[in-house]
Amino acid sequence: MRGSNHVGMRQFNERIVLQAIRHHGAIPKADLARLTQLSTQTVAIIVSRLMDEGLLLKQARVRGKIGQPSVPLSLNPEGAFSVGIQVGRRSLELLVANFCGEQVQRIEVHYEFPEPDALFAAIAKGLKTLEKRMGEHWSRVVGVGLTAPLSLHKWADLMGGEAAQALTRWEHIDLQAQVQQLTNLPVVFAKDTTAACVAELLQGQGRRIRSFLYVFVGTFIGGGLVMSGHIVNGERGNAGAIGSLPVGLSTERSGMPPQLLQMASGWQLEQALMAAGHDPLLVHQEHIMNPAYEGLTQAWLAQASESLAMSVATSAALLDLDAVVLDGSLGEPLMTALMAATQSKLAQYRFDGIHQPALLKGQVGAHARALGGALLPMHSQFFPDKEIFLKQDQG
């Protein structure tokens, strides 16, 4: 994070100062100048301007060191806010994040499948509810970040039934344009797993790990890729699309091998629960690990962990990763069991000639996609690296 003392770099330098404080916590102006390599005078001018804008706060003086007492500067959590909207295959989530990237409000709506008319009505209602809850702070909301799976209509065949009819309608719907009609705030879009990956990069394991494959297990499994501290999207936005990895070999006898999403998604456990007469949404609840469901959960864990372990080993050979970060929207005990089972299955793979990445638990959790969405407008206005989210085709 290095600033520039050249004329015309004011906005960039402001973002560099904010980023330094975001990474290092409350620090005095002298340390800011050293970290950013900006002159002391430039930092003083920037800090004054940011304080006038309500983005920074002065902390209590630090005494007991050589020289004058220093005054640490911190981000003002109420300096700005943003809204994240996550459109999922099973639920809708809206949340508000503050300037520090912390969740301050959240609304969640569950459904069997995302029927367009009902979904947009729920988004409109949710935005009005959030505005009411935020009160005077709503004026400091800088935008809406919208996330969803790419090409919702392409999941129609997999989900089947009434869901298939509803999902087919999404082929001709511009999700971003429809949401923009519901608010005066600017709306930006990112693929849901990319948004979740960025949330982990900025608020989770990414603060100490530079290169990792991010895996998010929800209704369907997906992921993202971070290399050298930067999101890698690929030419078509498919980098890190771990759900499409084949888990097996194609032979004349077995035919086409399944993809990871067919073996390690919450969807398979949901279907097993439904067939046994249980609520499929149990997969997102803590008591999914109760003895009453043990036969179903253990079978799914065995299948999912075997497939995940193979995917981790394959990815490690191609990408030279520091770690694989596993997170998801499934119940916390189920995610913990999946972590343990996958770690155990990794012992069955050889890593000769390559580095075996650490398997780490995600730190953001079930709301990573919505939080990542909320970080979109915040990032574009206040972070120096504006390209962390690349606009992606929803079609």
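Reader: What is the relative accessible area of serine 228, and how should the value be read?

Author: The relative accessible area of serine 228 is 39%. A residue counts as buried under 20% and as exposed over 50%, with partly exposed in between. Serine 228 is therefore partly exposed, because its 39% falls between those two limits. Please keep in mind throughout that this is a predicted model.

Reader: Where is serine 228 found, and what is its phi angle near?

Author: Serine 228 belongs to the loop between β9 and β10. Its phi is near 55 degrees, which is a positive value in a residue other than glycine. Glutamine 37 also has a positive phi, near 60 degrees, and it too is a residue other than glycine. Glutamine 37 sits in the loop between α2 (29–36) and α3 (40–52). With a relative accessible area of 45%, glutamine 37 is partly exposed.

Reader: How do the strands β9 and β10 run when they are joined, and by how many bridges?

Author: The general idea comes before the case. Strands of a sheet pair through backbone hydrogen bonds, and the pairing is either parallel or antiparallel. Here, strand β9 (residues 221–227) is joined to β10 by 2 bridges, and the two run antiparallel. Within this pair, methionine 227 stands opposite histidine 230 in β10.

Reader: What is the order of the strands in the open sheet of 5 strands?

Author: The order is β10-β9-β8-β11-β12, and the pairing in this open sheet is mixed. Its edge strands are β10 (230–231) and β12 (358–361), each of which pairs on one side only.

Reader: Which strands are joined to β6, and how do they run?

Author: Two of them can be traced. Strand β3 (residues 81–87) is joined to β6 by 5 bridges, and these strands run parallel. Glycine 84 of this pair stands opposite glycine 145 in β6. Strand β6 (residues 141–148) is in turn joined to β7 by 5 bridges, again in a parallel run. There, valine 144 stands opposite valine 187 in β7.

Reader: How many residues of β6 and of β7 are buried?

Author: In β6, 8 of its 8 residues are buried, so that strand is mostly covered. In β7 (residues 187–191), 4 of the 5 residues are buried, and the strand is therefore largely enclosed by the rest of the structure.

Reader: Which loop holds glutamine 181, and is that residue buried or exposed?

Author: Glutamine 181 has its place in the loop between α7 (175–180) and β7. At 63% relative accessibility it counts as exposed, because the limit for that class is over 50%. Separation in sequence and separation in space may be read side by side. Glutamine 181 and alanine 124 are 57 residues apart along the chain, and their C-alpha atoms are separated by 9.5 Å. Alanine 60 and alanine 124 are 64 residues apart along the chain, with C-alpha atoms separated by 42 Å.

Reader: Where does alanine 60 lie, and with which residues is it in contact beyond its neighbours within four places in sequence?

Author: Alanine 60 lies in the loop between β1 (56–58) and β2 (73–75). Its relative accessibility is 63%, and it counts as exposed. Leaving aside neighbours within four places in sequence, its contacts are Ser70 and Pro72.

Reader: Which residues touch the most other members of the largest nonpolar core?

Author: They are Ile21, Leu32, Phe99, Phe212, Tyr214 and Phe382, in a core of 44 residues. Helix α12 (residues 368–382) supplies the largest share of this core, 7 residues. Apart from it lies another core, of 35 residues, among them Ile242, Leu282, Leu301 and Leu338. Isoleucine 21, one of the residues just named for the largest core, is in contact with Ile27, Leu32, Leu56, Leu73, Ser74 and Leu75, leaving aside its neighbours within four places in sequence.

Reader: Which residue lies over the face of phenylalanine 99, and how many aromatic pairs does the structure hold?

Author: Arginine 22 lies over that face, at 5.0 Å from the ring centre of phenylalanine 99. The structure holds 4 aromatic pairs.

Reader: How many disulfides does a search of the whole structure find?

Author: The search finds 0 disulfides. The cysteines may still be read by exposure: cysteine 197 is buried, with a relative accessible area of 0%, whereas cysteine 100 counts as partly exposed at 21% relative accessibility. Cysteine 100 falls in that class because the buried class holds residues under 20%.

Definitions and conventions. Residues are numbered from 1 along each chain as its sequence is written. This is a predicted model: local features need pLDDT of at least 70, side-chain atom pairs count only at pLDDT 80 or more; totals for chains, interfaces and linings use all residues. Side-chain values use heavy atoms; hydrogens and water are left out. Two strands pair if DSSP finds at least two bridges between them. A disulfide is a pair of cysteine sulfur atoms within 2.5 Å. Buried means under 20% relative accessible area, exposed over 50%, partly exposed in between (1.4 Å probe, protein chains only). A nonpolar core is a set of buried Ala, Val, Leu, Ile, Met, Phe, Trp, Tyr and Cys residues joined through side-chain atoms within 4.5 Å. Contact means heavy atoms within 4.5 Å. Rings of Phe, Tyr and Trp (its six-membered ring) pair if their centres lie within 6.5 Å; planes under 30 degrees apart count as stacked, over 60 as edge-to-face and the rest as tilted. A charge sits over a ring if NZ of Lys or CZ of Arg is within 6 Å of the ring centre and within 35 degrees of the ring normal.
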